[in-house]
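This report is written for someone meeting the structure below for the first time. It goes from spaces to rings, then to the core and to single residues.

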Amino acid sequence: MDLNTTWFILIGVLFTGYAILDGFDFGVGILHLFAKNNNERRINMNAIGPVWDANEVWLLTGGGALFAAFPIVYATVFSGFYLALMLILAALIFRAVSLEFRSKIDSPGWQRFWDWSFGLGSLLPAVLFGVAAGNILRGIPLDENGVFVGSFLGLLNPYSILIGVLSLVMFALHGALYMTLKTDGELRDKMTKWASGSWIGIIIVYLLATIYTFFEAGFLFDGILSAPLFWILFILLLAVIIFIPIGLKSGRYFRSFLASSVTIICMIGLAAVSLFPRLVPSNIDLRYSLNIYNASSTPRTLTVMLIMALIGMPIVIGCTIYIYRVFKGKTVITDESY
């Protein structure tokens with residue numbers, strides 16, 4: 001395995017870690033829009049309050065790694081998706097501020113404003129990250145110099161919006177399963193129903209997205225059936241998706257949550273296997289695509305970064321595990337809570 005391939009995998013691991021960890025944050029925020037009373041809303045916020053900022057470290061690390069390893073891809077994607085990324089950034093800021101500000105003033109109007117900020121600040125990134133992934137999968141308009149020549153409205157095409165809906169439903173499922181671990185009684189029963197409904201939504205939308213991909217981005221299937229990794233991920237995906245409702249019905253909430261985490265890994269993994277070695281396909285001409293060789297940094301840079309990653313990633317993983325061990329258990333509301 002060469003350095004370029006190694007960095008393709010490492011960046012995939014970082015963004016997958018972010019999708020799993022901040023994915024349930026988004027899911028809890030989406031479900032927050034349907035909370036019935038103040039106690040439910042406080043439990044939602046306090047369930048993710050101790051961990052949400054640590055989860056976003058994975059996004060920053062992944063973005064930094066992409067910038068250093070494949071700077072042309074970073075520049076192309078960030079300039080092409082500039083407006084969408086600004087919307088995501090604004091949403092993430094409102095979501096973070098809502099956690100800190102909601103409890104500062106005991107006013108229904110004040111709290112309602114921050115409840116909506118928290119909910120929409122979670123829903124919007126969940127959709128837009130999916131829309132961005134959809135555009136990457138189908139290809140974006142890159143000319144022969146690898147320059148983005150499209151527009152923001154062109155990114156809002158039916159296929160990418162469908163992938164946005166898929167990520168929205170997936171995160172809603174992931175968030176509901178996380179909340180079954182943090183709640184008891186009536187609220188946990190409610191989250192179980194949300195998870196069951198979202199699971200049905202995942203099945204329907206994923207099948208539609210797969211069929212649509214055949215027509216919209218057929219190049220992703222070229223030679224994929226002969227790739228062993230594709231079959232490993234595909235069979236694993238079927239197994240964990242089938243297990244989720246079984247685990248819920250038998251009260252194995254943690255295993256169901258793990259199954260939804262593996263579902264995210266498999267979905268992203270299948271997309272990565274289909275794209276490899278491309279990073280950003282061109283829908284003008286596939287020969288104009290950016291891949292792990294024509295868009296990478298120098299071998300010396302990749303080597304130095306790999307050494308730094310081997311030192312830094314265990315620290316990030318260790319800190320993440322420590323935080324979750326400290327704040328494990330059911331969410332308890334106190335006077336100091338959000």
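What follows is a description of a predicted model, taken one feature at a time.

**The second largest pocket**

The second largest pocket holds about 860 Å³ of space. Its lining is made up of 32 residues, and those closest to the centre of the pocket are L21, F24, Y178, F257 and Y324. Several helices take part, since the elements that give two or more residues to this lining are α1, α2, α8 (158-182), α11 (253-275) and α12 (299-326). Among these contributors, α1 gives the most to the lining of the second largest pocket, namely six residues. What kinds of residue make up the lining of the second largest pocket? By class, the lining of this pocket divides into 19 nonpolar, nine polar and four charged residues.

**The largest cavity**

Rolling a probe the size of a water molecule over the atoms shows where empty space is left. In this model the count comes to one cavity of 30 Å³ or more, and the largest cavity has a volume of about 40 Å³. The residues lining the largest cavity are L31, F34, A35, E40, N44, L187, K190, M191 and W194. Both α2 and α9 (185-216) supply at least two residues each to the lining of this cavity, and the largest share, four residues, comes from α9. Sorted by class, the lining of the largest cavity has six nonpolar residues, one polar residue and two charged residues.

One of the residues lining the largest cavity is E40, which is found in helix α2. Is E40 buried or exposed? E40 has a relative accessible area of 12%, and because buried means under 20%, E40 counts as buried. Leaving out residues up to four places away in sequence, E40 touches A35, L187 and K190, and each of these three also appears in the lining of the largest cavity. From C-alpha to C-alpha, E40 and A195 are 16 Å apart in space, while 155 residues separate E40 from A195 in sequence.

**Aromatic pairs**

The structure holds 22 aromatic pairs. One of them joins F24 and Y178, whose rings are stacked, with 4.0 Å from centre to centre and 15° between the planes. This pair links distant parts of the chain, as F24 lies in helix α1 and Y178 in helix α8, 154 residues apart. F24 is buried, at 2% relative accessible area, and Y178 is buried as well, at 6% relative accessibility. These two residues were met above, among those closest to the centre of the second largest pocket.

A second pair is made by F94 and W114, whose ring centres are 6.5 Å apart with the planes at 35°, so this pair is tilted. It too links distant parts of the chain, with F94 in helix α5 (residues 82-101) and W114 in helix α6 (residues 108-138), 20 residues apart. The partners differ in accessibility, for F94 is partly exposed at 41%, whereas W114 is buried at 8%. F94 and W114 also belong to one aromatic cluster together with F101, W110 and F113.

The table gathers the relative accessibility of the residues in these two pairs.

| Residue | Relative accessibility | Class |
|---|---|---|
| F24 | 2% | buried |
| Y178 | 6% | buried |
| F94 | 41% | partly exposed |
| W114 | 8% | buried |

**The largest nonpolar core**

The largest nonpolar core contains 89 residues, and those that touch the most other members are W7, F70, V73, Y178, I202 and V280. Helix α1 supplies the largest share of this core, with 14 residues. For I202, not counting residues up to four places away in sequence, the contacts are L166, V169, M170, L173, I241 and M267.

**A loop residue**

Where is L33 found? L33 is in the loop between α1 (3-32) and α2 (38-48), and with a relative accessibility of 24% L33 counts as partly exposed. Aside from its neighbours within four places in sequence, L33 is in contact with W116, G119, L120 and L123. L33 and L177 are 144 residues apart in sequence, and their C-alpha atoms are 17 Å apart in space.

Terms used. Residues are numbered from 1 along each chain as its sequence is written. This is a predicted model: local features need pLDDT of at least 70, side-chain atom pairs count only at pLDDT 80 or more; totals for chains, interfaces and linings use all residues. Side-chain values use heavy atoms; hydrogens and water are left out. Buried means under 20% relative accessible area, exposed over 50%, partly exposed in between (1.4 Å probe, protein chains only). Contact means heavy atoms within 4.5 Å. On a 1 Å grid over the protein atoms alone, a cavity is a set of points where a 1.4 Å probe fits but cannot get out, and a pocket is an open set with protein on both sides within 12 Å along at least five of seven lines; lining residues have an atom within 4 Å of a point. Grid points are joined across faces, edges and corners, and a volume is the space filled by probe spheres set on the points. Ala, Val, Leu, Ile, Met, Phe, Trp, Tyr, Cys and Pro count as nonpolar, Asp, Glu, Lys and Arg as charged, and the others, Gly among them, as polar. Rings of Phe, Tyr and Trp (its six-membered ring) pair if their centres lie within 6.5 Å; planes under 30 degrees apart count as stacked, over 60 as edge-to-face and the rest as tilted. A nonpolar core is a set of buried Ala, Val, Leu, Ile, Met, Phe, Trp, Tyr and Cys residues joined through side-chain atoms within 4.5 Å.
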